[in-house]
Amino acid sequence: MIKTIVPLILIATIFTSCTNKRYNKEITPYVNFLEKDHEKAKDYVLDLFKKNDIVILCERDHRENTQYEFIKELVSDPRFIHNVGNIFTEVGMRSLNPEINRLIHSDGIPDSVRKEKIIELQRRCSFYPLWEKYNFYYFVESLYEFNQGLKKSEKINLYPTDVALKLDSMNVEYLKGCWYGEIAHRDSLMADYIIKKFEKIEESKAKRKKALIIMNYRHSFNNNFKEPNGRRMDNVGKFLFDKFHGKIVNVLINPLGILRAYSDDDIIWTALQDGKWDAAFKACKKDNIGFNFKGSPFGNDHFDYWPFYRQNYKYQDIFTGFIYYKSPTQFKLITGYNGLVDSSFLQTFKKRVMLWRHVVGNRLGFDTIDSLILKKYGKMNITRKENIDSIALQINKWLN
């Protein structure tokens, strides 16, 4: 009798765990897929490196920092340290190399000295007046911390890839030339830098000949993506997929979509697929998994991540895989840092802003009033995603 009751209880428990979730029938295929066993996000990415030399992570909004908590977890894993060890980032001008590696490969730097050095690097890591997002400081400091105690051959390498401007000798004419020159062609230049650097790694005596590449938005799209006229868009990912065919994959970290965009800093956000995806993850109580798009209902959905003109791509056409790490209501936007802009840097920052205004107008949105500058960039500011309340409603409407 007991032998009969136990299986019946087990079946009833499984049935209850599935049927207690109330949701709109339209998200049933996603829920059914997510109810299956899936790897955690970190393990999914690390497994991709078993058959590939390069993995591109599509970073969401630069300001969002929970994704960097995931990346920190990923790159501190012994499997990453021993088998990969190389990271390329869109964030950061390439002129920081090799200086940035000297810092993160050092041992025992006093906290105050290290903080001052990372701030100094961040002040000149971007061709814009300032890189005000906290992700740079957070990631560089994290890499320094991981590298403590590791042998020289095991230390993680960081290679910023963005085009480099001579910040100390800028004038309006020089900046105009850069804006319509290097910056206008930055995707091809970033890709060329990565290709040459990675080929040197492949040819070297180093044991680790793989790389993680962190790129934002379209820069990470593969070589399938085309404009309406049939021309393939010059994204970093396109060039890398062409060059390293068969050895490269790209993974989308769950982002928000764009409803309308007036500029890089004036965007109305929306949930992907009108909230169906996030609702399915919420119904299953999962927020840390990864899987391939192909073979999933997610991969067959229209690629609504690019809303700027009509296209018929599916997610599986543009990305290899998908990571879901935290729901949009948990996203943390972090800008500024204590000391990033202080009295010693204030005038330099204002001079850069005025130069940029001569070239592109006020589209960058940087302030020139001292009190506002110090409030925005001289201390850490943590906020939620814009219009997150309406996005939460968009997601919850699929859940009863």
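## A polar contact at N216

A polar contact is a pair of N or O atoms within 3.5 Å, and within protein one of the two must be able to donate a hydrogen and the other to accept it. In this predicted model, such a pair is formed at N216, where a polar atom of the side chain lies 2.9 Å from the backbone oxygen of R60.

N216 belongs to strand β4, which covers residues 211-216. Its relative accessibility is 14%, and because buried means under 20%, N216 counts as buried. Leaving aside residues up to four places away in sequence, N216 touches E59, R60, D61 and H62, and also E90.

## Overall architecture

The protein contains 16 helices and eleven strands. Its C-alpha atoms fill a box of roughly 85 × 50 × 45 Å along the principal axes. For 400 residues, a compact globule would be expected to have a radius of gyration near 21 Å, and the 23 Å found for the protein agrees with that expectation.

Of the 400 residues, 54% are buried. When contacts with a separation of 6 or more are considered, 78% of them join residues that are 24 or more positions apart. The protein exposes about 18900 Å², of which carbon and sulfur atoms supply 53%.

## Strand β1 and its partners

Strand β1 is formed by residues 54-59, and since six of its six residues are buried, the strand is largely enclosed by the rest of the structure. The burial applies to both sides of β1: I54, I56 and C58 point one way, V55, L57 and E59 point the other way, and all are buried. E59, on the side shared with V55 and L57, is also among the residues that N216 touches.

β1 pairs with β4 in the parallel sense over six bridges, and within this pairing L57 stands opposite I214. β1 is also joined to β5 by five bridges, and these two strands likewise run parallel. Here I54 has I248 as its bridge partner, while V55 stands opposite V249.

## Strand β5 and its link to β9

Strand β5 consists of residues 248-253 and is mostly covered, with six of its six residues buried. I248, N250 and L252 point one way from the strand, whereas V249, V251 and I253 point the other way, and all are buried. The two β5 residues named above as partners in β1 therefore lie on opposite sides of the strand, because I248 points one way and V249 the other, although both are buried under the cut-off of 20% relative accessible area.

In addition to its pairing with β1, β5 is joined by three bridges to strand β9, residues 321-325, again in a parallel arrangement. In this pairing L252 stands opposite F322.

## Helix α16 and its covered face

Towards the end of the description comes helix α16, which spans residues 388-396 and in which I388, I391, A392, Q394 and I395 are buried. Seen down the helix axis, these buried residues fall within an arc of 155°, so they line one face of α16. On the other side of the helix, D389 and L393 are exposed.

The cover over the buried residues of α16 comes from elements including strand β7 (266-270) and helix α12 (276-284).

Notes:
Residues numbered from 1 in each chain as written. Predicted model: local features only at pLDDT ≥ 70, side-chain atom pairs only at ≥ 80, totals over all residues. Heavy atoms only, no water. Helix = DSSP H or I, 4+ residues; strand = E, 2+ residues; numbered from the N terminus. Buried < 20%, exposed > 50% of the residue type's maximum accessible area, 1.4 Å probe, protein only. Contact = heavy atoms within 4.5 Å. Pairing = 2+ DSSP bridges. Rg over C-alpha atoms; globule rule 2.2 N^0.38 Å. Areas by Shrake-Rupley, 256 points an atom, 1.4 Å probe, with all protein chains shown as cover. Arc of directions from axis to C-beta.
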